[in-house]
Amino acid sequence: MSARWPTIRMIVNGEQRGIQAPPMKRLLDVLRQDLHLTGTKEGCGEGECGSCSVRMNGELVNSCLIPVLQAQGAEIQTVEGLAPKLEPGGTLHPLQEAFLACGGAQCGICTPGMLMAAAQLLETHPRPTLAEIREGLAGNLCRCTGFMRIFESVLAASTQASQPALRQAHHAR
Amino acid sequence: MAIIRDVMPAFDLLQPSSAADAQKLLQEHGSDAWIMAGGLDSFDWLKDRIKKPKVLVDLSGIDELKGIRVTGDGVEIGAMTTLTEVAEHPEIRKNYSVLSQAVSVVASPQIRNQGTLGGNVSQDVRCWYYRGGWPCYRAGGNICYADTPVGRNREHAIFGADRCVAVHPSDSVPALIALDAKFVVQTSKGEKTVDAENYYIGPDLDITRINMLQPGDLLTAIRIPSTWAGATFYFEKVRDRNVWDFPLMNVASAIVLSGGAISRIRLAVNAVSPRPMRLKNVEDAVVGKPADASTGEMAGKLAVQGAVPLQFNAYKIPLMRNLVKRAVCGVAGQQAYGALTGDLDTQEVAWNS
Ligand SMILES: Cc1cc2nc3c(=O)[nH]c(=O)nc-3n(C[C@H](O)[C@H](O)[C@H](O)COP(=O)(O)OP(=O)(O)OC[C@H]3O[C@@H](n4cnc5c(N)ncnc54)[C@H](O)[C@@H]3O)c2cc1C
Ligand code: SF4
Ligand code: FES
Ligand code: FES
């Protein structure tokens with residue numbers, strides 16, 4: 001059956017991928033079902049919660065509202081691409097370290113989207129103010145943390161010079 | 001019957017690469033066709049099986065509909081330009097900042113990156129009964145579920161209702177009306193240019209259509225004339241949450257002052273009526289008056305004359321009075337950019353008075 005579908009080519013987390021999929025399939029489902037990148041989560045499926053956020057051609061988007069045809073030829077980064085080739089004992093992305101250290105994640109459903117929104121923010125605002133963090137994460141809802149720990153995490157990731165300091169903060173808790 | 005909301009129903013997908021081809025396909029398929037721009041609004045309608053087109057015309061491959069051009073007389077914004085691009089464009093920020101301000105408070109960064117200006121101005125009402133697939137007037141039925149004693153109508157209209165009491169939800173439109181923008185529409189009879197406020201039709205005229213587009217028509221661009229470049233602008237949006245939410249109400253004005261008096265003004269309010277409202281009577285009443293608090297008071301009172309509240313939205317009357325007041329006189333000694341947008345304290349002022 002899949003032979004009927006057009007091939008969508010994308011660069012996902014730095015790797016060239018070609019998938020045969022219905023062109024109106026949600027990018028979210030292509031990532032999760034076809035590429036088995038299940039880090040990206042579905043919350044609402046209608047653009048309200050941001051848990052499906054990924055970066056497409058350097059911009060933050062809701063993958064639940066992107067027909068995969070609009071991702072033809074695009075460069076996609078998902079949460080799996082934040083800390084590439086993660087192995088036991090390997091290094092996490094500074095944001096991931098910060099979320100661990102500051103309690104930025106609880107149930108974890110919003111976390112991949114939060115991380116992608118935060119990564120996008122830090123690229124354009126390496127030293128964001130609290131207001132900029134709030135604006136950068138405006139499209140991402142969290143039902144657990146009350147947001148403050150998440151804002152702290154982003155602030156920490158942007159100001160901490162070194163990873164070990166963050167890990168120590170984590171272990172000190 | 002359960003609906004599998006993640007999975008798209010079947011239809012033919014057409015992907016033209018020029019506006020002319022798109023228009024040809026739209027004409028050919030008439031009311032069987034659905035136009036898809038960024039897809040944010042389209043996706044929900046289609047996944048929920050509430051709108052069931054046979055053919056989807058995807059505009060995302062049409063480069064000529066994308067981007068912003070500075071012309072001899074203002075700027076021209078292609079219908080497929082993203083809201084983020086509109087918000088960040090230097091010429092728009094410099095001379096037409098009411099639009100960058102309005103667009104930058106639409107929804108969330110994610111939605112502004114994907115949503116287009118053409119889609120934003122053409123989006124349908126957000127009434128949950130209608131979106132939920134209830135067979136109401138707007139859906140072609142013969143009842144309004146929102147306008148009953150128990151209907152949930154806190155977000156609904158205080159003006160312009162005719163059976164349907166839904167409001168137009170766009171943030172960009174009042175700014176475009178204040179700037180006297182022209183919408184460029186391709187029809188079977190050739191190109192038409194309409195004033196922003198006339199792009200919309202009310203339920204009295206056709207209850208199932210939100211704008212003037214007939215099957216086969218395509219919005220290609222929005223032109224902002226230089227008439228109001230660098231004027232004194234005001235924009236304010238009030239919403240339940242400080243981010244993401246649709247407006248409970250918004251207001252936009254463009255004013256040219258001379259010697260402290262208002263010499264020219266355009267004023268628009270949205271989310272109060274099924275059609276975005278240009279307040280022509282208020283404009284006429286304040287011209288020649290000083291841009292001060294007493295003119296503002298008068299403007300606010302005049303603006304809400306004739307308002308008809310529903311069961312749960314009477315708060316919209318004082319809210320509108322205050323927003324109009326500020327849009328008329330709040331601009332006097334203040335550079336409006338960034339002032340007051342979505343500010344909680346100012347919302348409280350509006351709500352309590
Ligand atoms: C969670 C969420 C929150 C939102 N919050 C806000 C908000 O606060 N303020 C606000 O203003 N908006 C808000 N929106 C609306 C959002 O901005 C619109 O959904 C979006 O702009 C639609 O743009 P699109 O490019 O995705 O269009 P689409 O969804 O593809 O199209 C929208 C409609 O316009 C028609 N259309 C699109 N382009 C054309 C064209 N060129 N010619 C003719 N018809 C056309 C389509 O057929 C469709 O009916 C929100 C949307 C979501 C999903
Ligand atoms: S307000 Fe309009 S859209 Fe909502 S239920 Fe009534 S008729 Fe339908
Ligand atoms: S799942 Fe995409 S925004 Fe909620
Ligand atoms: S950690 Fe549970 S939703 Fe954010």
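Okay, quick definition before I start: a polar contact here is a pair of N or O atoms within 3.5 Å, where one must be able to donate a hydrogen and the other to accept it. Keep in mind that this is a predicted model. With that rule, seven residue pairs are in polar contact across the interface of chain A and chain B, both partners at pLDDT 80 or more.

So who sits on chain A's side? Both β4 (59–62) and α4 (130–136) of chain A supply at least two residues each to the side touching chain B. The largest share, four residues, comes from β4(A). Sorted by type, that side of chain A has 11 nonpolar, nine polar and seven charged residues.

Now salt bridges. How many does the rule find across this interface? Just one. It's B:Arg112 with A:Glu135, and the closest N and O atoms are 2.9 Å apart.

On to the area. Together, chain A and chain B bury about 2,200 Å², with 54% of it on carbon and sulfur atoms. On chain A, the residues that lose the most area to chain B are A:Met24, A:Leu65 and A:Gln70, together 29% of what that side buries.

Last bit, a look inside chain B. Five strands make an open, antiparallel sheet there, in the order β4-β5-β8-β6-β7. β4 (68–71) and β7 (190–195) of chain B each have a single partner strand, so one side of each has no neighbour in the sheet. Within that sheet, β5 (74–78) and β8 (218–224) of chain B pair over four bridges, and B:Glu76 stands opposite B:Arg223 in β8(B). Helix α1 (19–29) of chain B lies across β6 (182–187) and β8 of chain B, at about 135° to β8(B).

Key
Residues numbered from 1 in each chain as written. Chains lettered and ligands numbered in written order. Predicted model: local features only at pLDDT ≥ 70, side-chain atom pairs only at ≥ 80, totals over all residues. Heavy atoms only, no water. Buried area = accessible area lost by both parts, 1.4 Å probe. Salt bridge = Lys/Arg side-chain N within 4 Å of Asp/Glu carboxyl O. Polar contact = N/O pair within 3.5 Å; in protein donor to acceptor, adjacent residues only side chain to side chain. Nonpolar A, V, L, I, M, F, W, Y, C, P; charged D, E, K, R; others polar. Pairing = 2+ DSSP bridges. Contact = heavy atoms within 4.5 Å. Axes fitted to C-alpha atoms, helices over the stretch in contact; angles between N-to-C directions.
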